[in-house]
Every structure is written in structure tokens, then in C-alpha cells.
Amino acid sequence: MSIFYEKEQKVFHLQTKSTSYIMRIVKNNYLSHVYWGKKIHTPEMENAQLNWLIGFSATTDNEDKTYSLDFVCQEYPTGCGTDFRIPAVSAVYGDGSRNVQLLYQEHHITAGKPGLPGLPAVYVEREDEADTLVIRLSDPLKKLSVDLMYTAYRERDVITRSVRVINEGREDVVLEKVLSASVDFETADFDFITLPGAWGRERHIERTTLRSGVQSIESRRGASSHQNNPFMALAGKDATETSGDVYAFHFVYSGNFTAGVEVDQLFKARAFIGLNEYDFSWTLEPGQDFQSPEAVLVYSDGGFGKMSRILHDLYRRRLVRGRYRDEVRPILANNWEATYFDFDEEKILALAKEAADLGIELFVLDDGWFGRRDNDNCSLGDWYVYDEKLPGGIAGLASRIKEYGMKFGLWFEPEMVSPDSDLYRSHPDWCIHVPGRMRTECRNQLILDLSRQEVRDHIVAAVSHVLDTAEIGYVKWDMNRHMTELGSAGLDSRRQKEMPHRYMLGLYEVLEKIVSSHPDVLFESCSGGGGRFDPGMLYYMPQTWTSDDTDAVERLSIQYGTSLAYPVSTMGSHVSAVPNHQAGRVTSLKMRGDVAMSGNFGYELDLMRLTVEEKEMVRGQIRQYKDLRTFVPSADMYRLLSPFDGNHTAWMFVSKDGNDIFAAYFEILCEVNPGIRRMKFTALDPDAVYEVVGEGCCYRGDELMEIGLVVDCFGDFQSRTWRLKKN
């Protein structure tokens, strides 16, 4: 077992491979937090957990003035009581009162990890992989119960948390806030690590010092967003890639979220993550319950690199599901930047034939194949073929492309509807809207209201019909706007603030039905690029289009930042045209290929415009990637030089058995007369001999790590890669 309860001290001790997480039932049956960090024996509680007299704080025990909930480290704090810090749960009872008091009632420990109904979550394949603790806290006056659910993996340094709220009373309860995790630390001596960004500039790394008060990130957009990712970490001041304490929090959810830290007057820190209370409420009738999404918690004593590798292994093996969790992903060509909307069947087949001749395995037809779609002004929701463009239909086109030896893929944006569409004309009330208010059109489209069953059923039927009548091996599932005018014609007035979360539950239902009924299709999620790159989507689709920005230089920062929390096996990464369509930059074909190989590789440019020499380079890149994809997607990643720190970026991948290595070095701008630059490797066997593939030379591991290899690439936007094999 990885979870123990010591009855005498009333202590819960969760143990992973090398970490401990400890809680205790204290005075008046409150549940307190004791410790989270490196694995230890259960400590003496009088030393590990102190009460302290602080001025101007209320106490819950008139006989003990040192006992204040405003000081005690709590496990799941509530509002409107004697703790004035940010609560994890808030509710309004039938009489209008808002004071929630949660006391320990009971607990149980079981082997394994149950799923969360209707929600994505990490999983186990065997019961002996993990153990689950459920602690029930109850409000004795109002009969509101909260089940705190913890799973501790035995051989992974991962703890997951979620919350189920149950109304056991006789009146309705309105939940105003339900966080999935809250952790109190005795100190605030941390840096705050987040992944902010924007469209085309997603998941850059930001590191700031904690200060007094609240520092937080959030999304109120109806999606996890380009602007903030549902990830944060608290890092020791001395934490680096290779050393130091890091506490990571990741929310397995694709909608509105909040995550942050409050530093109180005694310089203690309360970290929290969960559903955003903005435009959220949930009415629980008697006997009903509410399940929060899951939070993944990881502690690392080996810096950011170890933290990332723990998350990478978890997500590759116990979040992503289905056939493509373990199978290699095909090399694809997407027509979007080659043609945009300006294509017909002849042009697509010509591009596909060129792709096949180069060794590409999957051809993807992007936006513009349906309805009367010649631009982005119409036809979203009309998922039937545009006959004038594709007279042979999707089935005929897929069949022709199969004859070239490739699979066929298709772009959808099923959550959206164009006002100029047959679907909207038939069902104008199916979109998210507020009666009497303007319906804001972003990208000339509205969002279908997935909180409604009839809308969900229509999407499942429409998408499934296309997939069932043609041989389609890949789907790119896009979502190109955020929520405005929040309202649903399917909900009554008291439940309107439930719509954003009900939308996400509806989306997850739609995805589960479509994905599970089409197990041989490789699904890739997208939201204007990386606007919904989160663990929730990865549960249904094993990869995400990392960004609409395909410039190789920009992608260094985007992919480096993304790798802080996500493995490269989840990142769509393509070679695009120059001048780049987003940045206008001209980079070498070699650099574009080397950047894209640290992800799910493909091409997004007009292949027919390549020169003979460029086509030979592309063939070489494809051969190279077909070798690399046998181990890189499952390898341990080591970030060596950060694009946020200077002119150079480097990273490397080491296979699980240590026998295969791929390393890449990138120079952004040329430095005149720079002197000798070396690539120093890491995580090698110092006594082993490694062959540099294709160069006819061998070196011992210690030499590669301590002396390194000379970097012989010079010029703007250049790169150098090495392929090593352990002899």
C-alpha cells in the first residue's frame, strides 16, 4: 500500500516512490496539512505541526488562544469562518447563510484508482499501481459533505486530488466555488512558475518571486486558453533544471480555471488550483452531488527537469489512451499553408502525390471542404462535402490518396456554427447566447451550446457520419473562438452560471463517444493552435497542434515552454514555408526540420514549390525522423540551453534503456568570431562508449558530458543535431 492511516496520531501518510504527503485530524476534527516533499518516516506531530499565537486572529477554542484556523495549515479550507485566507469551497444554503464548516467524519482506503464520471483523469491499468484515499468531511449543521479524493501512485512520484460535494440535507445548496486542491506551506520562500502567452506565442516560461497577497493565473474564456495554461509550480529560489525543490500543480480540465498562491501576514503560502469561480455556480438539490475535475500534484527534488520527466511519463502512459498511445505517429502533410481555402480536387491530389513521392505517410485536408466554404464567413456546422470543390466526395478523395500509399486526414470544427449556415438557419437557438443581446461573432462564428443534449447528439451524428462513410485515419479537431454572451436556452434562470462547466462536460461526452467509436482514427486537438493544450484534451486526443506559429525560431520558445509540463509525444510540430506566414522570417530548411523533429513531425507548405535539392533534404529529414520516432516520443527529455536565456537553445532525448540519444542545438543569430562552442551531453553512462551515428567516431560518456562535442554550425537560424548509439 502507498497510503497509511496511523490511528493513534490520527495521521494520513501518502507515499509515492520517493515523496511523502501527510495530513492529520486535529482539534475539533478539522483536517490539517502537515507535510509534502521528500519521502520521510511519519514525524512526531508535536514537532512537525505547530500552533502559534498570532495577534488579531479569531480562535475556534476559547480555552486555547494559540489555536486559530487563520494560522493552521489546512487541507481543504472553507470560507466565512475564522480563516481569512482564500477558501477552497464556498456555498450558499437555503436560508441564505454562507458559513461552511467541514469536519472529519470518516475515511476509506482502496487499491487502484477509480475514474471520474464524465471527466478526464489519469488512470491505472492494474490495481497495484496506486491506492486511493477518500476522506469525508461534513458540515454537521447543514448536512453538506465533501469527499476529498487522493490517489498516490506507488512507483510514480504523483499524487492526484479531486473533490466530490454531496448535498445530504433537505434544501438546495448553491455551490459558488469548488477547488480541486489547496496546499498550505509553512513558508513562502518560493518562485512562482507559470506558462503565459498569447495566440502564436503560447506557453512561454515566466518566473517571479512570491510577494504578499495573491498571485494567480486564470482563464475566463471558456477554454484553458492561449493566455494561461492550467499549470503552475512553486520552486525553491535555488531551483534549476537539475537541482532544487519544485512543487507542480496541473489541472486536468479544458475550460475556465484558476491557479495561484496567497502569501499571508506570517509569510506562509497557500497554493490552490481548480475551477474558476468567475461565472460559476452549481445548484445541488437534496441527494445530488458535484464532482470536481482532477488536479495532478508532483514534487521534485531534482529541479524542473525531474519534475517534467515525471509529468511526461505519467501523461504518455496514464493519461493518453487508445491505439496511438503506443504506436508511432505518421508523418503528415497538411494543405493549409499551401492552399488555404483556394483548392479543388485536382490541386489536392497533386499535393498528395508529391507528398507520397517524398515518403510522407498521411495527407490532411484542412478547412474548406464542406458546405459552401470558400472563406471563413460561412458553413461551419454544415458537415457535408462541398461538391463543386470535391466532386468525388470525401470517400472518393480518401480512396485516391490511399492509392498513393498514404492515409487520409480531415479538419473539423464541430463546436462552432456560422450564422450563414443551414444548421444555424434551422436552429438559431442552438448557439450560446443571451436573449435580446448581440451575438458577438468572432471569426464570423458562434459557439454551439454543448450543455444541451440535442446539440451534442447532432454533433456526434454529423461527425460520425463523415468518419463512417470514408476511410479517414486522422482528424484535426479545431476550436477557433472563446465564449461571449454566456447563456443557454436549455437552462433555467437559476442555472445560467452552470453553462460554462456544463459545456465542458458536454464536450467531454461528445469526444468520448466519437473517439471510442473510431478507435483507429488518430485525433489531434487544436484551438487556434495551442489555445486548448491541456491534460483534459489529451485524455481524448493524444496530440495537440502546439501553435499556429510555425516559425522555427518562435517554436523554440513555444516547444521548450510546453515541455515544462507536456511530453513531445503530445506536440504537433511541422515544417512550414519561408518567409514564414506568421513571422515573415526566413530560416534554413535544416533548422525548420530539426525543430519539428522534437514533436510529431510533418509539413505544412506547398511541396510542389520545393526545389530538387530541397526535396532531397525533405527525403533525408523523413528518413531521419522515421528512425528517431522509434524512441524519442517515449524518451527522457533533458533541456540544456533555454531560448529564454540567450541566443542558443539545446535539448536532448535519452531512450529508456539508455542506448539511443538524439540531441539538437540551435543558433538564432550569428555571432562573429565566437570562439569554441561545445555541446555538453547529460544523463549518459560515464563508462560506456557511444558512437556518433554517421560520423564514424566514438566517445566515452564522461567525455561527452564533461568536454562535449564542438558545435560546427554558424550563421543566422542554424542548427546541429547528433544521433548517438551506446555500444
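**Local environments and helix packing in the predicted model**

Lys39 is partly exposed, its relative accessible area being 39%. The structure described here is a predicted model, and within it Lys39 belongs to the loop that runs between β4 (31-38) and α1 (45-48). When neighbours within four places in sequence are left aside, the residues in contact with Lys39 are Gln15, Thr16, Lys17, Ser18, Thr19 and Ser20. With one of these residues there is also a polar approach, since a polar atom of the Lys39 side chain lies 3.3 Å from the backbone oxygen of Thr16. A further relation links Lys39 to a position well separated from it in the chain: Asp157 is 118 residues apart from Lys39 in sequence, while the C-alpha atoms of the two residues are 10.0 Å apart in space.

Two buried residues with polar side chain contacts were examined next. Arg316 forms part of helix α2 (residues 303-318), and it counts as buried because its relative accessibility, 9%, falls under the limit of 20%. The side chain of Arg316 approaches two backbone oxygens: that of Ala635 is reached at 3.1 Å, and that of Pro633 lies 3.3 Å from a polar atom of the side chain. Both of these residues appear among the contacts of Arg316 beyond four places in sequence, which comprise Arg325, Pro567, Ser569, Pro633, Ser634, Ala635, Asp636 and Lys656.

Ser488, in turn, is located in the loop between β26 (474-477) and α8 (499-517), and with a relative accessible area of 6% it is likewise buried. Its side chain makes a polar contact of 3.3 Å with the side chain of Ser451. Apart from residues up to four places away in sequence, Ser488 touches His433, Asp449, Ser451, Arg452, Gln496 and Met499.

Burial can also be considered for a whole helix. In helix α10 (residues 552-562), ten of the eleven residues are buried, so that this helix is largely enclosed by the rest of the structure. The buried positions are Ala552, Val553, Arg555, Leu556, Ser557, Ile558, Gln559, Tyr560, Gly561 and Thr562.

Two helix pairs illustrate packing. In the pair formed by helix α4 (residues 345-358) and helix α5 (residues 393-403), the axes are 10 Å apart and the packing angle is about 25°; because angles under 35 degrees count as roughly parallel, α4 is described as roughly parallel to α5. The crossing of α4 past α5 is right-handed. On the α4 side the contact involves Glu345, Ile348, Leu349 and Ala352, and on the α5 side it involves Gly393, Leu397, Arg400 and Ile401. Sorted by class, the residues in this contact of α4 with α5 are five nonpolar, one polar and two charged.

In the second pair, the axes of helix α11 (residues 589-596) and helix α12 (residues 612-628) come within 11 Å and cross at roughly 20°, and these two helices are therefore also roughly parallel to each other. Here, too, the crossing is right-handed, with α11 passing α12. The contact is built from Leu589, Lys590 and Gly593 of α11 together with Glu614, Met617, Val618 and Gln621 of α12. In terms of class, the contact of α11 with α12 contains three nonpolar, two polar and two charged residues.

Several loop positions were noted for their backbone geometry. The peptide bond leading from Val578 to Pro579 is cis, with an omega value near -10°, and Pro579 is placed in the loop between β29 (571-576) and α11. A positive phi, in a residue other than glycine, is found at Phe267, where the value is near 60°. Phe267 occupies the loop between β16 (257-263) and β17 (269-275), and at 55% relative accessibility it counts as exposed. Asn673 provides another case of positive phi in a residue other than glycine, with a value near 50°; it lies in the loop between β33 (660-667) and β34 (678-679) and is exposed, its relative accessible area being 74%.

Technical notes:
Residues numbered from 1 in each chain as written. Predicted model: local features only at pLDDT ≥ 70, side-chain atom pairs only at ≥ 80, totals over all residues. Heavy atoms only, no water. Helix = DSSP H or I, 4+ residues; strand = E, 2+ residues; numbered from the N terminus. Buried < 20%, exposed > 50% of the residue type's maximum accessible area, 1.4 Å probe, protein only. Polar contact = N/O pair within 3.5 Å; in protein donor to acceptor, adjacent residues only side chain to side chain. Contact = heavy atoms within 4.5 Å. Axes fitted to C-alpha atoms, helices over the stretch in contact; angles between N-to-C directions. Parallel < 35°, antiparallel > 145°, perpendicular 65-115°, else oblique. Left-handed = near helix turned anticlockwise from the far one by under 90°. Nonpolar A, V, L, I, M, F, W, Y, C, P; charged D, E, K, R; others polar.
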